[in-house]
Amino acid sequence: MNIQKTITCLLLLSWFIGNNLVAQDKYSLSNDDITIAFEKSNQDRLEITDLFNKNKRWITPDSRDTDFLWQVTLENDKSNTSVYSSQMVKLKEAKETKNDKEDLLTFEWEISLSKLTGKVYVDVSLNKRTSLSEWSIYLDLPDGWEVTNLLFPIINVDKEEGTKLYTSSGWGAEYNLDKISNLNLQLIYPSSRQTMQLVCMQDGSDLLYYATHDENANHKTFSARVGSSVELSTDITASNDWTKNNKFSVPWKVSIGLNDKGIEDAIANWYRPFAINTIWGTKTLLEKDIPEWLVSTDLWLHGGRAGKDEMDALTKTLEYFGNDTKYHWYYWSSHEFDVDYPDYFPPRTDYDKIVNKIHSAGSRVMPYTNGRLWDTTTVAYQKLAGANEIVLRKNLTPYVEVYASKAPNAVVCPTSTVWNDVVVDFASRLLDEKINSDGVYFDQIASARSLPCYNENHNHPVGGGDFWHFANREIFNNVRKVLKKDQIIATEQNAECFIDVFDTFLMGNRPMGAEWAPAPLFPLVYSDRAILYGFYLHNPNDMSFRLKNALTLLWGAQLNGGRSVLYASDSWQNNATFLREMKEFRSKQHDLFVGGRMIGEFTPEGDNPLLTVESWPTPSNAVRGAKWISVDGKEAILLTNFDTNSHEIVLPNGQKQLLKGGECYRYNL
Ligand SMILES: [Zn+2]
């Protein structure tokens with residue numbers, strides 16, 4: 001035991017003694033894995049004073065400076081707004097309840113609202129089955145008042161040297177907090193910024209788990225503010241459906257837990273058991289009805305504007321990478337990119353030749369569309385009164401996004417039946433015999449931020465809530481009804497609540513900030529349930545191309561080589577060879593990737609240097625590895641040396657193995 005750990009133990013011992021002596025204004029919950037302590041301050045304000053297990057104290061006086069537990073914004077029918085936090089009001093009462101399932105603390109505060117009184121309650125319990133603490137908030141409201149926004153629960157934890165922060169952006173992201181002095185991550189769920197409902201911190205193998213297990217996938221923002229300490233909270237836009245008979249409650253709990261085995265253990269024991277029992281996570285790949293051609297795909301390429309260059313690139317890449325290479329075709333429409341949505345027709349001249357070429361090779365093509373945006377300058381927008389169908393902000397102005405094309409693209413509210421029909425119609429036309437696509441890609445659905453909507457004429461309660469998830473689910477399940485045999489639908493990114501609605505997911509986006517490394521949180525939960533393809537769309541011709549394709553393979557996704565025209569250039573020869581060999585290797589690992597499951601990362605010992613990689617935010621070991629369990633329960637380690645130099649690493653059995661530059665290797669355990 002080192003000196004710091006000894007001091008921590010003494011501090012914990014003194015806290016226990018102190019707690020026993022003064023019980024009246026101190027409250028705590030404790031089991032073998034976690035202790036949470038609260039204290040009523042001199043001004044009768046409730047503070048979280050401690051959060052620890054046998055190894056580590058996460059909250060100390062250093063991290064407590066700005067500590068408050070909740071903040072609530074309320075509004076009445078005369079548009080008066082009040083904001084209260086647990087720093088502003090005295091704790092009125094605290095109650096302790098114990099039963100077979102949980103130990104529970106209930107805290108109560110009174111707030112004053114235009115001479116009327118409301119009450120705020122917070123429940124913190126320890127679940128005896130999972131060892132997780134569960135935090136919930138609810139209010140009693142006077143007539144005419146509603147809650148519009150909450151921050152809850154807010155915890156400030158220490159940022160000791162070596163601490164990492166994990167978010168579920170895309171694949172998952174790991175932030176080394178030693179290098180970050182100021183970062184404000186606002187992670188909207190569901191979106192590519194937060195594809196799952198968890199944020200974790202890890203110090204050595206000690207982990208703090210902050211998650212919601214919300215089976216309805218309600219809109220919410222996970223907030224992580226990194227300064228001298230780290231403030232974690234959930235920013236909640238309320239739905240007006242959450243107030244009934246003057247009682248308001250948030251329809252999920254926040255789970256906070258501590259372990260001493262790290263992120264992979266927390267995901268296996270806490271998050272995955274929740275995830276695989278949700279509407280989206282129940283079925284494995286083998287239980288879904290996914291066309292064989294998609295399941296067996298190892299490599300995708302992207303096509304551009306139909307023309308001689310694209311046709312030449314198509315011919316060359318089919319020959320070089322094989323006729324089983326699949327094509328995701330971006331510029332197939334006669335309209336410009338991100339303009340005139342959803343008017344895609346007719347296709348560009350010669351697009352039919354491209355489709356024919358791909359089909360005659362025995363391969364497949366999936367054109368691009370956008371499932372979320374409606375260009376407000378289109379005829380259809382006027383004709384179908386699109387303005388009635390789009391998302392309204394709280395101030396009732398339309399939510400319009402402008403991208404590089406400069407077109408005013410309104411975000412359509414997914415509860416719109418008009419939009420449902422528009423999407424089903426253009427998808428049907430793309431899939432019919434005339435255009436003959438093998439699938440349709442809908443941009444943004446599992447990527448772009450979900451939004452609250454305040455249009456009172458829409459078929460959903462105004463504000464946040466779960467309508468975004470359920471309404472999009474309905475639209476794309478309706479699209480599924482027009483799919484014929486061997487046709488698929490795909491979308492951008494991997495927000496978890498859509499993994500059962502689409503067949504495959506394009507992993508195009510990077511996490512926020514400058515200092516991060518991708519981490520395979522999503523595959524640790526869903527690698528046996530979702531087919532992903534690609535890894536960050538930008539493709540510089542350098543070592544980053546090799547590293548990201550190595551991770552694509554190791555983490556179970558289908559490879560994505562980017563634009564097919566890239567491979568027309570001799571300068572791409574080295575990376576093209578690397579990609580082709582990876583594709584060949586991947587085709588022999590389907591017992592792991594189709595129905596098997598990733599269970600962890602593996603970094604081999606031996607000659608495995610940390611490399612600085614161009615166009616990549618953080619250094620990486622030359623040889624990366626991943627541990628998988630196959631469909632029939634056998635474990636294997638996959639290794640990839642993405643470097644151009646050879647490296648001799650040590651296998652788990654102690655034997656040395658030379659991996660040439662770009663070589664992949666499988667070791668059966
Ligand atoms: Zn709406």
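Let us start at Lys115, which is exposed because just 6 other C-beta atoms lie within 10 Å. You will find Lys115 in the loop between strand 7 (102-113) and strand 8 (116-127). Although Lys115 is not a glycine, its phi is positive, at about 70 degrees. Keep in mind as you look around that this is a predicted model.

A similar stop is Asp486, in the loop between helix 8 and strand 29 (488-492). Asp486 is not a glycine either, and it has a positive phi of about 70 degrees. With 12 other C-beta atoms within 10 Å, Asp486 counts as exposed, because the cut-off for that class is 12 or fewer.

Now let us turn inward. In soluble globular proteins, nonpolar side chains tend to be buried together. Here, the largest nonpolar core has 185 residues, and the members that touch the most others are Trp70, Leu150, Cys200, Tyr209, Tyr210 and Tyr271. Take Tyr209 as an example: setting aside residues up to four places away in sequence, it touches Leu198, Cys200, Ser255, Ile256, Gly257, Ala266 and Trp270.

Another buried place is Asp375, in strand 25 (residues 373-375). Asp375 counts as buried because it has 22 C-beta neighbours inside 10 Å. Apart from neighbours within four places in sequence, Asp375 is in contact with Val339, Asp340, Tyr341, Tyr381, Ala407, Pro408 and Asn409. Tyr341 is 34 residues away from Asp375 in sequence, yet their C-alpha atoms are 5.1 Å apart.

Tyr341 also leads us to a cis peptide bond, the one from Tyr341 to Pro342, with omega near 5 degrees. Pro342 sits in the loop between strand 23 (326-329) and helix 5 (351-360). A cis peptide bond also joins Tyr189 and Pro190, with omega about -5 degrees. Pro190 belongs to the loop between strand 14 (183-189) and strand 15 (198-203).

Finally, look at how some helices pack. Helix 7 (residues 417-431) and helix 8 (residues 467-480) have axes 9 Å apart, at an angle of about 30 degrees. The two are therefore roughly parallel, and their crossing is right-handed. Asn420, Val423, Val424 and Ala427 of helix 7 meet Ile475, Asn478 and Val479 of helix 8. That contact has five nonpolar, two polar and no charged residues.

Helix 10 (residues 543-554) and helix 11 (residues 573-586) pack at about 5 degrees, with axes 11 Å apart. They are therefore roughly parallel too. Phe545, Arg546, Asn549 and Leu553 of helix 10 make the contact with Asn575, Phe578, Leu579, Met582 and Arg586 of helix 11. Here the classes are five nonpolar, two polar and two charged residues.

How values were computed
Residues numbered from 1 in each chain as written. Predicted model: local features only at pLDDT ≥ 70, side-chain atom pairs only at ≥ 80, totals over all residues. Core = buried A, V, L, I, M, F, W, Y, C linked by C-beta atoms within 7 Å. Buried ≥ 20, exposed ≤ 12 C-beta atoms within 10 Å, placed from the backbone. Contact = placed C-beta atoms within 7 Å. Axes fitted to C-alpha atoms, helices over the stretch in contact; angles between N-to-C directions. Helix = DSSP H or I, 4+ residues; strand = E, 2+ residues; numbered from the N terminus. Parallel < 35°, antiparallel > 145°, perpendicular 65-115°, else oblique. Left-handed = near helix turned anticlockwise from the far one by under 90°. Nonpolar A, V, L, I, M, F, W, Y, C, P; charged D, E, K, R; others polar.
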